[in-house]
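Welcome, and please open the structure in your viewer. This tour goes from stop to stop, telling you what to select and what is there.

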Amino acid sequence: MLYIGVDLGTSAVKLLLMAADGTIENVVSKEYPLYFPHPGWSEQKPEDWWEAVKTGIKELVKDADKSQIAGISFGGQMHGLVILDDQDNVIRPAILWNDGRTQKETDYLNNVIGKDKLSEYTANIAFAGFTAPKILWVRENEPENFKRIKKIMLPKDYIAYKMTGIHSTDYSDASGMLLLDVKNKCWSKEMLKICGIDESVMPKLFESYDVIGVLKSEVAKELGFSSDSVKVIAGAGDNAAAAVGTGAVGNGKCNISLGTSGTVFITQNNFSVDSNNALHSFAHADGKYHLMGCMLSAASCNKWWLENIIGTKDYAESQADIKQLGENKVFFLPYLMGERSPHNDPDARGTFIGMTMDTTRSDMTQAVLEGVAFALRDSLEVARKLGIKIDRSKICGGGAKSPLWKKIVANVMNLKVDVIESEEGPALGGAMLAAVACKEFDSVEAAADAIVKITDTIEPDKKLVEAYNKKYNVFKQLYPQLKPIYKVIV
């Protein structure tokens, strides 16, 4: 049988066709627009996602035996607010994970409702990118739109809804809404009341590997499928789906993602939360839990530096002259869109510091790569203070294609970094969840054991680890010193 994984990203949807043994048969990407109607705002049209998914699936399976397609599942950008009216029409463009308009609402939740209450209700505190502050923003700024809301969903769940007519989400993605009681896996009645919404507008909750329904006949026909019995599976938020795709399932595993955003993802069998809520405490796609530190700009920092500032798309050439690791005098704070973990500061800004007259372009490029690694280490250090022992990690995302960056990450974080055969991330994870739902495997962990293969391991070098420890001790002093300045310049 064949399985489709749909990775609904911020700039494009990636669609992957996987055979039952994990062989990747085809991969297709389709881009769609991203809108910035005001400074700090970030929106997309859900209708654009749906058209891209339909076009992409047709291309993905054009040479496949369509009768063998058994299931479709998802990984998707988290936190985005999609709202529909009583006719199932999209009320307004989706407000995305990287949208910064909700600082007032975030401050209200954290400071008036209170972080302790939020953590009690949801296991997390409010971040500007989360869904609940967006709902409060719509209620305050677009009251007519708020009154029309009949359904609230997350980005990937809109696609599932268009496919099946079923209003659903999974626990991993719902964890990032600030509306889910993560520990007890149910909607928080307290948070729904705070946001002024009824539970009837919220989607039904599923495990990531649960079947939510089958393709509507008209959708199956449009996609060219010979049968409308293709199962649609709940899927997961992008980071949880990526963790499945890299084999970070079961207890005590770690995955580092160097995508548009960057994450440190640590799996746990049991629910836990750190006392300062510096890490997100979410449900995992394997039915258990995970802790996650998320930085808003990771590989996007390198893309910004090289393409927008330097004016090149030759990523390999830009790193060719970087030889002396651990000796760079230039530091970069990678807060181009503010920062989430562990600072929770939308006012933070990207900053170079330490340049002199002999600083080269390569020094600054190196500083960008190192700055992202240092910021990821900030989250890892929170986990270590909780007593969690991590000595190795998988790695995925566009940035993981760079041998140099992987070496920097391994030594900055003092981890063995395992490189996997396929770096398809959430799309592969989605396809694997579909295979589990269709009984190809007994569990998500069994699927990962069978499909995910390690091809290389980058070992940290003791001398480099020591050098980067010294550099990190400088890096972690920079944000507290600059925080008052960021407040002034925003």
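Before the first stop, a word on classes: Ala, Val, Leu, Ile, Met, Phe, Trp, Tyr, Cys and Pro count as nonpolar, Asp, Glu, Lys and Arg as charged, and the others, Gly among them, as polar. Keep in mind too that this is a predicted model.

**Stop 1: the largest cavity**

Select Gly-326, Asn-328, Val-330, Phe-331, Glu-370, Phe-374, Tyr-468 and Lys-471, the residues that line the largest cavity. By class, this lining has four nonpolar, two polar and two charged residues. The space in the largest cavity is about 30 Å³, and the count of cavities of 30 Å³ or more comes to one. Now colour helix 12 (361–385) and helix 16 (462–489): each supplies at least two residues of the lining.

**Stop 2: helix 13 against helix 16**

Keep helix 16 in view and add helix 13, residues 403–412. How many degrees is the angle at which helix 13 and helix 16 pack? The angle is about 75 degrees, and the axes are 8 Å apart. Helix 13 and helix 16 are therefore roughly perpendicular to each other, since angles of 65 to 115 degrees count as such.

To see the contact, show the side chains of Lys-407, Ile-408, Asn-411 and Val-412 in helix 13, which meet Leu-464, Val-465 and Tyr-468 in helix 16. By class, this contact has five nonpolar, one polar and one charged residues. You have met Tyr-468 before, as one of the residues lining the largest cavity.

**Stop 3: the second largest pocket**

Next, go to the second largest pocket, which holds about 410 Å³ of space. Select Lys-115, Asn-276, Pro-342, His-343 and Asn-344: of the 25 residues in the lining, these are the closest to the pocket's centre. Helix 2 (103–122), helix 12 and helix 16 are the elements that give two or more residues to this lining. Which of them gives the largest share? That is helix 2, with six residues. Across the lining of this pocket, eight residues are nonpolar, nine polar and eight charged.

Stay with Pro-342 for a moment. Pro-342 sits in the loop between strand 20 (331–333) and strand 21 (351–353). Look at the peptide bond from Ser-341 to Pro-342: this bond is cis, with omega near -5 degrees.

**Stop 4: two residues with positive phi**

Select His-79, in the loop between strand 5 (69–76) and strand 6 (82–84). Phi of His-79 is near 75 degrees, a positive value in a residue other than glycine. Then move to Asp-88, in the loop between strand 6 and strand 7 (94–95). Asp-88 is not a glycine either, yet has a positive phi of about 65 degrees.

Turn on the surface for this pair. His-79 is buried, with a relative accessible area of 3%, whereas Asp-88 is partly exposed, at 34%.

**Stop 5: Leu-180**

Finish with Leu-180, which is found in strand 10 (residues 180–181). Is Leu-180 buried or exposed? Leu-180 is buried, because its relative accessible area is 0% and buried means under 20%.

Show what surrounds this residue: leaving out residues up to four places away in sequence, Leu-180 touches Tyr-121, Thr-122, Tyr-171, Ala-174, Ser-175, Lys-185, Cys-186, Trp-187, Ser-188 and Leu-205. As a last step, draw a line from the C-alpha of Leu-180 to that of Asn-124: the two residues are 56 residues apart in sequence and 9.5 Å apart in space.

Conventions. Residues numbered from 1 in each chain as written. Predicted model: local features only at pLDDT ≥ 70, side-chain atom pairs only at ≥ 80, totals over all residues. Heavy atoms only, no water. 1 Å grid on protein atoms, 1.4 Å probe; cavity = no way out; pocket = protein on both sides within 12 Å on 5 of 7 lines; lining within 4 Å. Points joined across faces, edges and corners; volume = space filled by probe spheres on them. Helix = DSSP H or I, 4+ residues; strand = E, 2+ residues; numbered from the N terminus. Axes fitted to C-alpha atoms, helices over the stretch in contact; angles between N-to-C directions. Parallel < 35°, antiparallel > 145°, perpendicular 65-115°, else oblique. Contact = heavy atoms within 4.5 Å. Buried < 20%, exposed > 50% of the residue type's maximum accessible area, 1.4 Å probe, protein only.
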